[in-house]
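Here are a few notes to read alongside the model, in the hope that they help you find your way around. Please keep the viewer open as you go through the points.

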Amino acid sequence: MVNLSGVVLPSPLRQRQQGQRTTPPSVRIVHSGHACNVEEERHAERVYTIREGETLELSCLVTGHPRPQIRWTKTAGSVSDRFQDSSVFNETLHIAKILRTQGGRYYCKAENGLGSPAIKSIRVDVYYLDDPVVTVHQSIGEAKEQFYYERTVFLRCVANSNPPVRYSWHRGREVLTQGSDKGVEIYEPFFTQGETKILKLKNLRPQDYANYSCVASVRNVCGIPDRSVIFRLTNKTASPSIKLLVEDPIVVNPGQTVSLVCITTGGEPPPLLAWISSNDSLPQRSVVKGGTLTLPAITSDEAGVYSCVASNNVGNPAKKSTTIVVRALKKGRFWITPDPYHNDDNIQIGREVKISCQVEATPPEELTFSWLKNGRALRSSERMVITQTDPDISPGTTNLDIIDLKFTDFGTYTCVAALKGGGIPEISIDVNISSTTVPPNLTVPRGKSPLVAREGDTVELECLVSGKPKPIILWSRADKEAPMPDGGMQMESYDGVLRIVNVSREMTGSYRCQTSQYNGFNVKPREAVVELIVQYPPTVEPVHMETRQGLGRPVVMTCRVLRAHPSRVLRFEWLLSNRLLHAGAFDAQRDETEYTIRSLNRDGWGEYTCNVINEAGAGKCTFQVTGKAYPAEFYYDTYSPLWQNRPRVYGFKLQWTQMNPNAVDRIVAYRLGIRQMGLQRWWEQEIPVVGAFSKGELMTHNLTELIKPESYEVRLTPITRFGEGDSTIRIVTYTAPVNPHLREFHCSFEEETICMFTQDKNDDFDWTRHSASTRDTKYTPNTGPSGDRTDSKQGFYMYIETSRPRKDGDQARLISPFFNVAPKNPYGINNPPAYCFGFFYHMYGKHIGTLNAHLKQKGQTASEAPVWSLNGNQNDRWKQAKVSIRPTASFQVVLEGIRGPGIEGDIAIDDVTLEEGECRDPPPNLSAKAPSMSSHIWLLCITVVMTLLEGQR
């Protein structure tokens, strides 16, 4: 260990110790928040029980150097189940208002690259209890029109809970149990045991018509109260029945307001009505009022099946449905079919030609078609046959068959689609039949395939389409099943051009253009293929790399080509800050180029660039060659870093190791910066380092005169011949005296915080902080001190006030803050160290009781005998007590004052100390009890005799 000791600004000292280096991580989970029970290690699993809606807070405490990285997961090692309401990489997992679905096993994983990661887990059980629900049924074979008028009735009670629920049934105020009534049977169905409880009323009797309550209980775990529900069974109890006051289906035009009315026609208790839709949820603009559902300005998307559901927990719910149909016409298209009895696809006089027209209509039965020729109505005849295709084969389609085409048949044919009753705009489709009506043909323009482009360009793939009418062109990938640039499998083009913006290397390949059947000839699709080649600059590695090296050492930099198109790489060039160092052509057998600095000098530091160039551009490798030292790594596992704890200031033992100290020139000093949190000004000093040190060697510097209770930001920067290295920052927070340093702990109770001593909440009364200058004039005489331990009237001390209402045997306990045991071996305690616990006491008065000192160790449950005890009157003066203790774990000391038989029994304490090592020169009166009254008399007699003998001399 390297010890750089000193105050913040004065010059430091340096010592060398052997000791702690890098250490693998260890981890444990501690809990806070609103747990209602925590079961510790039990078959390697800890169970944390919490009530739904409370706050879950789990902290992951880690040790290890370098500081381990912490990650919370809900499955061991997996990152797939993280938490959106907490930060995965925080030490503390915080979930406010936890839900039942968030229960499960939580893992804390800590890793710092040394050894295996440390993992601990805890299972979180979320407890809850929902309101129970009672449903009523009658056996199917015995049901009558008048429900529950007679025979057997079943009342089923169900409640969701964790832990499993217990049910009890009541009839009025009577508790029902199995066997308490011959007409009653209580049981759990075999297939749902523990989830439900059934009350069976056999051969319904008049007394069975009553109020039944089901009480669900989880036995008050986590403070969850019982929940209950009441059901009134009468001779009128019946399942619901309803009626819809609407037609089925309801056909409406877009924009109309639709109202659906549902009424109940039976059911006791009165049923509750609800509306549901086949579209998963009701439209956002819908309004439900009672049994009426209103859909204002309805759209085609809101068409579907709407159901009214009535439920009163008796029998099965009643359900009635109706379908809303919103009238619409859309997607009109056409196609021309040449004479199927000829081999070519041309339209010629004397041959047959068929024009087809298709429209999507809702409702389809209202769809009507009419045909026009040159704007005049056209009727079906022997030569011009108008038909409608079977709706099951091709719905919404009409055909015009022209048999034996004549010159006079040339013209514009119009297909008009409409819905009966109007209200919806018609769709008209024009088709021109003439001598120029020819089937389509597709070609790729010369020089357009293959098409070569550079990555990032905008390209246009082109297919020339001829024919009349011109069909829509469909583009797709011809070489593989892959989506087009817009994400779909096909893209439409009306002019035969496919335009791709910002083309990427993944788009290299074959593209197919083909004619669509619609709005053109119904013939075999014509198609052509266009090749696209996307060139891109070389992809190289590393893109950026930092190389740290000391002066006089070699540096080797390698730039590797991963892929490029064209793959023939033309040349490479090495530069230092835009100054050309070396250039050349690539070896056909190699995919990398190398540059070597044999001996690094000061001019060799800087940014090196390797450009690998082909026809499409250049790929760039960047190397930052520097002599900067790596950052220091603060050591967080220091035992008791708060090594100085005075009334207004504190000190902190700052410890760190140096990352890769031998990677660069020797570190000659550290620049330490420190500033108080919230302020701008930094105080800086240099900490010189004498000689070299190895990786993992621990450096120490003592920060002193830090003001309580402020926190400080500490910055540490290594310095070499190159200059300053990377800085690292940590926060120093005042946490004393939770773990005050034992060698310097001293408490004189001068401040109101009383050195973080606390009053025991389980005793009978409290210790009082007091000084003689503020003493009440009504104080009890003949007991208690007249000043503090130094006989100062302004000094403070702690005492127990034994006046009424205190009574004999009442106890007051004052508990110290926790102290950590400082092991010689930081990873275990084989030989626990000794500490000297000391304090001054004042026990004056004829009714003095007992003063005890106890040692309370962490994890200790049973109370042990006091380590020091004294009772009885000790005269009107302060005396010191010291006792050696050997704790094996973190500990507290407890000072216990016990009232004697009367009011003249005030006991006071002052100047509590705790020091490392055995007690030296302990005061003489450390006996378990004060001398008895007879001993006092005997001592008095001896004193009198000695006085007389002295007088005779």
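1. In β26 and β27, tyrosine 306 makes a good starting point: this residue stands opposite threonine 322 in β27. Please bear in mind throughout that this is a predicted model. Strand β26 covers residues 304–311 and strand β27 covers residues 318–326, and the two pair in the antiparallel sense over seven bridges.

2. Now step back to the sheet around that pair. Four strands form an open sheet with mixed pairing, in the order β21-β27-β26-β23. At the edges are β21 (250–252) and β23 (272–277), each of which pairs on one side only. From one strand to the next, the twist averages 25 degrees.

3. Next, a loop residue. Where does phenylalanine 586 lie? You will find phenylalanine 586 in the loop between β49 (579–585) and β50 (592–597). Phenylalanine 586 has a relative accessible area of 15%, so this residue counts as buried, the cut-off being under 20%. Leaving aside residues up to four places away in sequence, phenylalanine 586 touches Val561, Val569, Leu570, Arg571, Phe572, Asp591, Glu592, Thr593 and Val612. Arginine 568 is 18 residues from phenylalanine 586 in sequence, with 9.0 Å from C-alpha to C-alpha.

4. Glutamate 592, one of the residues that phenylalanine 586 touches, also takes part in a salt bridge. Its side chain meets that of arginine 590 at 3.3 Å, N to O. Both partners count as partly exposed: arginine 590 has 43% relative accessibility, and glutamate 592 has 21%. Elsewhere, salt bridges with shared partners join Arg171, Glu174, Asp181, Arg205 and Asp208 into one network.

5. Another salt bridge is worth a look, between the side chains of arginine 560 and glutamate 541 (3.3 Å, N to O). This pair links distant parts of the chain, 19 residues apart: arginine 560 belongs to strand β47 (residues 555–565) and glutamate 541 to strand β45 (residues 527–541). Arginine 560 is partly exposed at 31% relative accessibility, and glutamate 541 is partly exposed at 34%.

6. Finally, please look at arginine 123 and aspartate 125, which form a salt bridge with their closest N and O atoms 3.0 Å apart. Is each partner buried or partly exposed? Arginine 123 is partly exposed at 24% relative accessibility, whereas aspartate 125 is buried at 18%. The count for the model comes to 39 salt bridges.

Methods:
Residues numbered from 1 in each chain as written. Predicted model: local features only at pLDDT ≥ 70, side-chain atom pairs only at ≥ 80, totals over all residues. Heavy atoms only, no water. Pairing = 2+ DSSP bridges. Axes fitted to C-alpha atoms, helices over the stretch in contact; angles between N-to-C directions. Buried < 20%, exposed > 50% of the residue type's maximum accessible area, 1.4 Å probe, protein only. Contact = heavy atoms within 4.5 Å. Salt bridge = Lys/Arg side-chain N within 4 Å of Asp/Glu carboxyl O.
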